[in-house]
Amino acid sequence: LCAPRESWGIGYATEATGRLLAFGFNELCLHKISATCDPENRASVAVLAKNGMHREGVLGDHIYARGQWRDRLLPSVIG
């Protein structure tokens, strides 16, 4: 799934992520929320960082994509 290029860089993903985090902490009373993303996807890394998520580590060879095993970043935030 990929958003159309004309919607890139406007802040939709950052806003949506912030709203999901707020819902998780405020409505579901979660203590911690984690995510994963491709370390090479700078936009995804930036969206998570803008929402206060900090890198906890790297999941090595975590997902098979595009014909190879790929690492995933593991950012998280405590509410």
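## Two residues with positive phi

Let's start in strand β2, which spans residues 54-65 and is where aspartate 61 sits. This is a predicted model, and in it aspartate 61 has a phi near 45°, a positive value in a residue other than glycine.

Arginine 66 also has a positive phi, of about 55°, although it is not a glycine. You can find arginine 66 in the loop between β2 and β3. Its relative accessible area is 67%, which is over the 50% cut-off, so arginine 66 counts as exposed.

## The nonpolar core

Now for the inside of the model. The largest nonpolar core is made of nine residues: Leu21, Phe25, Ile33, Ala35, Cys37, Leu48, Met53, Leu73 and Val77. Two elements, α1 (12-27) and β3 (68-78), each supply at least two residues of this core. As general background, nonpolar side chains in soluble globular proteins tend to be buried together.

Phenylalanine 25, one of the core residues, is a good place to zoom in. Leaving aside residues up to four places away in sequence, phenylalanine 25 touches Leu30, His31, Lys32, Ile33, Val77, Ile78 and Gly79. Among these partners, Ile33 and Val77 belong to the core as well.

## Asparagine 51 and its contacts

Our last stop is asparagine 51, found in the loop between α2 (42-50) and β2. Its side chain reaches the backbone oxygen of threonine 14 at 3.1 Å.

Which residues does asparagine 51 touch, not counting residues up to four places away in sequence? They are Thr14, Thr17, Gly18 and Leu21. Leu21 is a residue to remember from the core described above.

Definitions and conventions. Residues numbered from 1 in each chain as written. Predicted model: local features only at pLDDT ≥ 70, side-chain atom pairs only at ≥ 80, totals over all residues. Heavy atoms only, no water. Core = buried A, V, L, I, M, F, W, Y, C linked by side-chain atoms within 4.5 Å. Buried < 20%, exposed > 50% of the residue type's maximum accessible area, 1.4 Å probe, protein only. Helix = DSSP H or I, 4+ residues; strand = E, 2+ residues; numbered from the N terminus. Contact = heavy atoms within 4.5 Å. Polar contact = N/O pair within 3.5 Å; in protein donor to acceptor, adjacent residues only side chain to side chain.
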